[in-house]
Amino acid sequence: MLVEGVAALHLAVPIVATGGLLGTSALWSMAVDPALIVALGSGAWAAYLAERLVAPPEDSINDRRRSEWMTRYRRVVWMLGVALAVVAMGAALWVSVGVLLGGVGIGAIGLAYALPGRWRIKRFGRAKPFLIGFVWSAAVVGLPMIEWEQIPDGTAALMLGRMLFYAANAMALDWPDRAGDAAAGVPTWAVRLSASTLRRFILVLAGGAAIASGAAGWIAGQSTLGVVDAGGALVLIVLIARRLPVHRYDSVVLDVLVAWPGVTWIAWHWLA
């Protein structure tokens, strides 16, 4: 039940948030406020848990064991979600008004994604991966820009690279969930496309992400870090060229992979 617990609790979310912010920090050699890291990490994690607590209808089909885990530990997940929301709000008191307003806007889109019912954003399945990519790239690239009160050279390239990287990853993660998504009326790309066509689509997105990330580093005067930053998308290309995710462990690997910008931050310190 360990893997089910990891998947149900979205343990990779705070790691992805932290890695994304640190990667942005590294490319421009500028510090990110620790309060922003705490606020985004805990806030994003709380939002993902909210979606899980809503118990979307496709979950019971896509992963019965994970759904059973959620039923068994629902109260614990509620308590964790509330605690994370409190931490996020506490940390938000220490960020600038601009960052706070930007974070609230991004958070509102994220929560709308999880809403149940007729107007659930997730029902627009073809837009889903790009929405995820946009929200995450806006959070990990856009919020630091607001904090720094400047838009450094290469920002647009990095925003594009991050969006394509997150979107490609989300598209791949939809493949094991296609049966439940189809039954719940969520027309994702994985539901609509064959395995071979979906793989080609993901590879194109990941290739674009690698090029854009490398370009961002070059424009920012950090060519070596740009190559390192593109490494996450290149790893995704290798994984998807081999096969689409099938096992739960594949999904865990893909979940953690999008924290790759954290490797860029490590390389920045190592090269300094």
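## A walk from the core to the surface

Let's begin with leucine 198, which, once neighbours within four places in sequence are set aside, is in contact with Met171, Trp175, Trp189, Ala190, Leu193 and Leu244. Keep in mind as you look around that this is a predicted model. Leucine 198 also belongs to a bigger picture: the largest nonpolar core has 67 residues, and Leu198 is listed with Trp136, Ile202 and Leu236 as having the most contacts inside it.

From here, turn to the aromatic rings. A pair of aromatic rings is described by the distance of the centres and the angle of the planes. In this model the count comes to 4 aromatic pairs. One of them joins tryptophan 136 and tyrosine 166 in a tilted arrangement, 6.1 Å centre to centre and with 45 degrees between the planes. Because tryptophan 136 lies in helix 8 (residues 128-148) and tyrosine 166 in helix 9 (residues 155-173), this pair ties together parts that are 30 residues apart in sequence. Both tryptophan 136 and tyrosine 166 are buried.

Another pair brings us back to a contact of leucine 198, namely Trp189. Tryptophan 189 and phenylalanine 201 meet edge-to-face, with 5.1 Å centre to centre and 85 degrees between the planes. Here tryptophan 189 sits in helix 11 (residues 189-192) and phenylalanine 201 in helix 12 (residues 195-219), so the pair ties together parts that are 12 residues apart in sequence. Is phenylalanine 201 buried or partly exposed? Its relative accessibility is 23%, so phenylalanine 201 counts as partly exposed, given that buried means under 20%.

Ring pairs also build a cluster, linking Tyr48, Trp136, Phe165 and Tyr166.

Stay with helix 9 a moment longer, for asparagine 169 is found there too. At 3% relative accessibility, asparagine 169 is counted as buried, because the limit for buried is under 20%. Which residues does asparagine 169 touch, not counting those up to four places away in sequence? They are Leu236, Leu254 and Val258. Leu236 should ring a bell, as it is among the residues with the most contacts inside the largest nonpolar core.

Finally, step out to the surface. Trp78, Val82, Val86 and Met89 form a nonpolar patch there, and together they have about 430 Å² of accessible area. To find methionine 89, look in helix 6 (residues 74-92). Methionine 89 has a relative accessible area of 55%, so it is exposed, the cut-off for exposed being over 50%.

Technical notes: Residues are numbered from 1 along each chain as its sequence is written. This is a predicted model: local features need pLDDT of at least 70, side-chain atom pairs count only at pLDDT 80 or more; totals for chains, interfaces and linings use all residues. Side-chain values use heavy atoms; hydrogens and water are left out. Patches are made of residues with over 30% relative accessible area and no salt bridge: like charges are joined within 9 Å, nonpolar side chains (Val, Leu, Ile, Met, Phe, Trp, Tyr) within 5 Å. Accessible areas come from the Shrake-Rupley method with a 1.4 Å probe; for residues, only the protein chains shown count as cover. A salt bridge is a side-chain nitrogen of Lys or Arg within 4 Å of a carboxyl oxygen of Asp or Glu. Helices (H or I, at least four residues) and strands (E, at least two) are DSSP runs, numbered from the N terminus. Buried means under 20% relative accessible area, exposed over 50%, partly exposed in between (1.4 Å probe, protein chains only). A nonpolar core is a set of buried Ala, Val, Leu, Ile, Met, Phe, Trp, Tyr and Cys residues joined through side-chain atoms within 4.5 Å. Contact means heavy atoms within 4.5 Å. Rings of Phe, Tyr and Trp (its six-membered ring) pair if their centres lie within 6.5 Å; planes under 30 degrees apart count as stacked, over 60 as edge-to-face and the rest as tilted.
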